[in-house]
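Student: I should like to take a close look at one part of this model and to see how its surroundings are built. Could you please guide me through it in one connected account?

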Amino acid sequence: MNPRRKKRLALAVGLIGGVAAVASLLLYALNTNLNLFYTPTEIVQGKADTGIKPEVGQRIRVGGMVTVGSMIRDPNSLHVEFAVHDAGGGEVIVTYDDLLPDLFREGQGIVAQGVLTEDGKLQASEVLAKHDENYMPPEVAEAMGKNHEKLEYTETQKGGSR
């Protein structure tokens, strides 16, 4: 093999190796930052189509309704624990160590993002509550079996106060 072909071969192998390295690093970064959405029933029983359950230590989002009477607050810290349920009958305990959103209350739809712990609880790093009486995040509405309907406003509501 002449020196010119050796240079071309080395360049081609180096280029292919570089592309493979960049692709593998990209896939690794995407995999570690992936937040999958689960309902409480899917956490307990697994996804309906695949049967896959989230693993301990995996970052996930869970959405559902806060179970009435389930909230336990620590009087000496910001630690709060509450249960989230859905229409499928599943229930997951969520622990959170920060200030809850102003609109958070029992019987309301929420989405919590965090890490699944060994005891099956979700250690939340973020809790989001719906912003008014009519809105519900699409994932939570689907999990609760509710249909989104277009809101109908009266002429007075459309016109506002004048």
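Tutor: Let us begin with Ile43, which is found in helix H2, residues 40–45. The model is a predicted one, and every value below should be read in that light. Is Ile43 buried or exposed? Its relative accessibility is 11%, and because buried means under 20%, Ile43 counts as buried.

Which residue from another part of the chain lies beside this helix in the comparison made here? The C-alpha atom of Ile43 is separated by 9.9 Å from that of Lys121, although the two residues are 78 residues apart along the chain. Lys121 lies in the loop between strand E6 (109–116) and strand E7 (122–129). With a relative accessibility of 25%, Lys121 counts as partly exposed, whereas Ile43 is buried.

Lys121 also leads us to strand E4. Its side chain meets that of Glu81 in a salt bridge, with 3.5 Å from N to O. Glu81 belongs to strand E4 (residues 80–85), so the pair ties together parts that are 40 residues apart in sequence. As a general principle, side chains of opposite charge can pair when their charged atoms come close.

Strand E4 also contains Val84. Val84 has a relative accessible area of 0% and is therefore buried. Its C-alpha atom is separated by 9.0 Å from that of Thr39, and these two residues are 45 residues apart along the chain.

We may now return to helix H2, which spans residues 40–45, and consider a second charged pair. How many salt bridges does the structure hold? There are two. Besides the one between Lys121 and Glu81, Lys47 forms a salt bridge with Glu42, the closest N and O atoms being 3.6 Å apart. Lys47 has a relative accessible area of 23% and so is partly exposed. Lys47 has a further contact: it lies over the face of Tyr38, at 4.6 Å from the ring centre. Lys47 thus takes part in a salt bridge with Glu42 and also sits over the ring of Tyr38. As for pairs between rings, the structure holds one aromatic pair.

Another approach between separate parts of the sequence involves Gly107, in the loop between strand E5 (91–96) and strand E6. Gly107 has a relative accessible area of 40% and is therefore partly exposed. Gly107 and Ser70 are 37 residues apart in sequence, while their C-alpha atoms are 9.9 Å apart in space.

It remains to place these details within the whole chain. Its secondary structure comes to four helices and seven strands, which follow the pattern α-β-α-β-β-β-β-β-β-α-α along the sequence. Of the 162 residues in the chain, 30% are buried; Ile43 and Val84 are among them.

Finally, consider the beginning of the chain. Met1 is found in the segment before helix H1 (3–32), and at 70% relative accessibility Met1 counts as exposed. Met1 joins Leu9 and Val13 in making a nonpolar surface patch of about 340 Å². For residues 9–30, UniProt lists "transmembrane region" in an unreviewed entry. In the model, this span is 100% helix and 0% strand, and its end C-alpha atoms lie 32 Å apart.

Conventions:
Residues numbered from 1 in each chain as written. Predicted model: local features only at pLDDT ≥ 70, side-chain atom pairs only at ≥ 80, totals over all residues. Heavy atoms only, no water. Phe/Tyr/Trp six-rings, centres within 6.5 Å; stacked < 30°, edge-to-face > 60°. Lys NZ or Arg CZ within 6 Å of the ring centre and 35° of its normal. UniProt positions renumbered as here; feature names shortened; annotations may be inferred. Helix = DSSP H or I, 4+ residues; strand = E, 2+ residues; numbered from the N terminus. Patch = residues over 30% accessible without salt bridge, like charges linked within 9 Å, V, L, I, M, F, W, Y side chains within 5 Å. Areas by Shrake-Rupley, 256 points an atom, 1.4 Å probe, with all protein chains shown as cover. Salt bridge = Lys/Arg side-chain N within 4 Å of Asp/Glu carboxyl O. Buried < 20%, exposed > 50% of the residue type's maximum accessible area, 1.4 Å probe, protein only.
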